[in-house]
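This report describes one protein chain, going from the overall fold to an internal cavity and then to the salt bridges. The sequence and the model are shown first.

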Amino acid sequence: MSTEPSQPSLTERRKAATQLDIARAAAALFAEHGPDGTTAEDIAGRAGVALRTFYRYFRSKQDAVGPLLSGGAERWRALLEAAEPGDSLAGILERAVTEALRVPGADAAEQLGWTRGLLRAAAQDPALRAVWYRVNQDSEERLLPVLARLAGDGVDPLEVRLAAAAATDAVRVALEAWAETDAPTTGPGSPAELAVRCLHELMGGMRLFKD
């Protein structure tokens with residue numbers, strides 16, 4: 001039986017909304033002026049918050065885009081948390097990543113657009129690239145208990161760790177490859193299509209996904 005996740009409090013929701021407002025402001029300014037041409041003061045002003053509020057949530061201007069970069073991973077993990085053990089783990093992962101990266105609405109398409117712009121900027125900005133890698137590392141660690149539950153009792157913890165790393169890297173590589181192109185958000189060359197291809201390649205030799 002799956003455990004229902006606790007609902008965030010009003011304070012937590014307000015905090016998350018403020019962080020997302022700041023993240024969008026930072027991403028917009030990075031697109032307009034580049035990270036080097038943007039300051040924390042600029043971001044705070046665009047987001048309509050005090051500079052002290054900015055630093056309450058983020059250590060640097062590059063850190064501010066973390067909530068945008070982690071949004072897809074959070075949707076993917078939520079779908080996996082809602083899944084029930086017993087089905088093929090490979091199938092569960094493929095369905096979840098496809099659902100998380102498809103763009104049924106304007107919000108999802110907008111988030112992919114932000115991600116593409118930020119990944120392109122990260123190619124020339126080591127600090128921004130470090131934020132992207134940290135977001136993926138955090139996603140991998142948070143995925144571990146989710147995959148352990150889905151894999152069931154008696155599974156080798158090393159195999160679960162490898163699965164979490166492979167699944168996270170499949171999505172990361174897919175998004176990076178897509179961001180380098182002008183491919184659409186759906187269909188051939190889209191993030192969802194590339195992520196499924198990466199999942200198949202990375203997990204094809206892993207015993208945990210043989211069934």
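## Overall fold

In the chain, 70% of the contacts with a separation of 6 or more are between residues 24 or more positions apart. The model is a predicted one. Its secondary structure consists of nine helices and zero strands, so that the order of elements from the N terminus reads α-α-α-α-α-α-α-α-α.

The chain has 211 residues and a radius of gyration of 18 Å, which agrees with the value near 17 Å for a compact globule with that number of residues. Along the principal axes, the C-alpha atoms occupy a box of roughly 55 × 40 × 30 Å. Buried residues make up 43% of the 211 in the chain.

## The internal cavity

How many cavities of 30 Å³ or more does the model contain? The count is one. The volume of the largest cavity is about 190 Å³. Its lining is made up of 20 residues, and those nearest the centre are Leu 69, Gly 72, Ala 73, Val 171 and Leu 175.

Four helices each supply at least two residues of this lining: helix 4 (66-82), helix 6 (106-122), helix 7 and helix 8. Helix 4 provides the largest share, with eight residues. By residue class, the lining of the largest cavity holds ten nonpolar, eight polar and two charged residues.

## Salt bridges within helices

The model has nine salt bridges in total. One of them pairs Asp 138 with Arg 142, with a distance of 3.8 Å between the closest N and O atoms. Because the two are four residues apart in helix 7 (residues 126-151), about one helical turn separates Asp 138 from Arg 142. Both partners are partly exposed: the relative accessible area is 37% for Asp 138 and 41% for Arg 142.

Helix 8 (residues 157-179) holds a pair with the spacing of four residues, about one turn of the helix, namely Arg 172 and Glu 176. These two form a salt bridge in which the closest N and O atoms lie 3.1 Å apart. Which of the terms buried and partly exposed applies to Arg 172? With a relative accessible area of 19%, Arg 172 is buried, because the cut-off for buried is under 20%. Glu 176, at 22% relative accessibility, counts as partly exposed. Elsewhere, Arg 59, Asp 63 and Arg 134 are joined into one network by salt bridges that share partners.

## A further salt bridge

Asp 87 and Arg 95 also form a salt bridge through their side chains, with an N to O distance of 2.6 Å. What is the relative accessible area of Asp 87? The value is 42%, so Asp 87 is partly exposed. Arg 95 has a relative accessibility of 48% and likewise counts as partly exposed; the cut-off for exposed is over 50%.

## Summary

The predicted model is a chain of nine helices and zero strands, with a radius of gyration that agrees with a compact globule. A cavity of about 190 Å³ has a lining to which helix 4 gives the largest share. Among the nine salt bridges are Asp 87 with Arg 95, Asp 138 with Arg 142, and Arg 172 with Glu 176.

Notes: Residues are numbered from 1 along each chain as its sequence is written. This is a predicted model: local features need pLDDT of at least 70, side-chain atom pairs count only at pLDDT 80 or more; totals for chains, interfaces and linings use all residues. Side-chain values use heavy atoms; hydrogens and water are left out. A salt bridge is a side-chain nitrogen of Lys or Arg within 4 Å of a carboxyl oxygen of Asp or Glu. Buried means under 20% relative accessible area, exposed over 50%, partly exposed in between (1.4 Å probe, protein chains only). On a 1 Å grid over the protein atoms alone, a cavity is a set of points where a 1.4 Å probe fits but cannot get out, and a pocket is an open set with protein on both sides within 12 Å along at least five of seven lines; lining residues have an atom within 4 Å of a point. Grid points are joined across faces, edges and corners, and a volume is the space filled by probe spheres set on the points. Ala, Val, Leu, Ile, Met, Phe, Trp, Tyr, Cys and Pro count as nonpolar, Asp, Glu, Lys and Arg as charged, and the others, Gly among them, as polar. The radius of gyration is taken over C-alpha atoms; the globule rule is 2.2 Å times the number of residues to the power 0.38. Contact means heavy atoms within 4.5 Å.
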